[in-house]
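Student: Could you take me through this structure slowly, with the terms explained as we go?

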Amino acid sequence: MAKEMDSWDLDGDNGSVTLVETKVDPREQDIYWETAHARENYFRSDLTYEDYAAAYCVGYIGYAQYGGKYDDAEKCLCANWIRIKGDSRLTLDEARMAMRAAWDRVAARHTS
C-alpha cells in the first residue's frame, strides 16, 4: 500500500519531517537557530534561545506541513505556537517574526 503524502510525517529513521518533496531535519534547523537567533534583528538580549525555540520549530515544521505561502498558513502557525510555547517569554508578535524567519529559511532551500 502506498504511503499517503497529503499530511506531514516524522520519518523514524532520520527524524526528518516530509511533505511531498519537502524534507526538514529538525535537528539541523535547531542547531542552526541556536547559534543564529542572536544575529536576527528581532533578537532581545534579555531572552534565551529557549524562548525562541518553539517559534522556530513551528516555522520550519509548519513549512513542511503546509508549504506554500507563509501568509496563508500564519493563522495555523500562531495557533500551533500558542499550543506548544511552554515557558517562552515571547509575545505572539515576537514569535511571528521567529516563525517567519524559520519558514523563510526552509522555503528558500526548497524553491531555489
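Tutor: Buried means under 20% relative accessible area, exposed over 50%, and partly exposed in between, with a 1.4 Å probe and protein chains only. Helices are DSSP runs (H or I, at least four residues), numbered from the N terminus. This is a predicted model, in which local features need pLDDT of at least 70 and side-chain atom pairs count only at pLDDT 80 or more, while totals for chains, interfaces and linings use all residues. Residues are numbered from 1 along each chain as its sequence is written, and side-chain values use heavy atoms, with hydrogens and water left out.

Student: Which residues of α1 are buried?

Tutor: An α-helix has 3.6 residues a turn, so residues three or four places apart point the same way. The buried residues of α1 are Pro26, Gln29, Trp33 and Ala36. They lie on the same side of α1, because they cover an arc of only 105 degrees, taken from the directions from the helix axis to the C-beta atoms. On the other side of α1, the exposed residues are Arg27, Ile31 and Thr35.

Student: Is tyrosine 32 buried, exposed or partly exposed?

Tutor: Tyrosine 32 is found in helix α1. Because its relative accessibility is 28%, tyrosine 32 counts as partly exposed.

Student: Which helix gives the most to the largest nonpolar core?

Tutor: A nonpolar core is a set of buried Ala, Val, Leu, Ile, Met, Phe, Trp, Tyr and Cys residues joined through side-chain atoms within 4.5 Å. Of the 30 residues in the largest one, Trp33, Tyr56, Tyr60, Trp81 and Met99 touch the most other members. Helices α1, α2, α3 and α4 each supply at least two residues of this core, and the helix that gives the most, with 11 residues, is α2.
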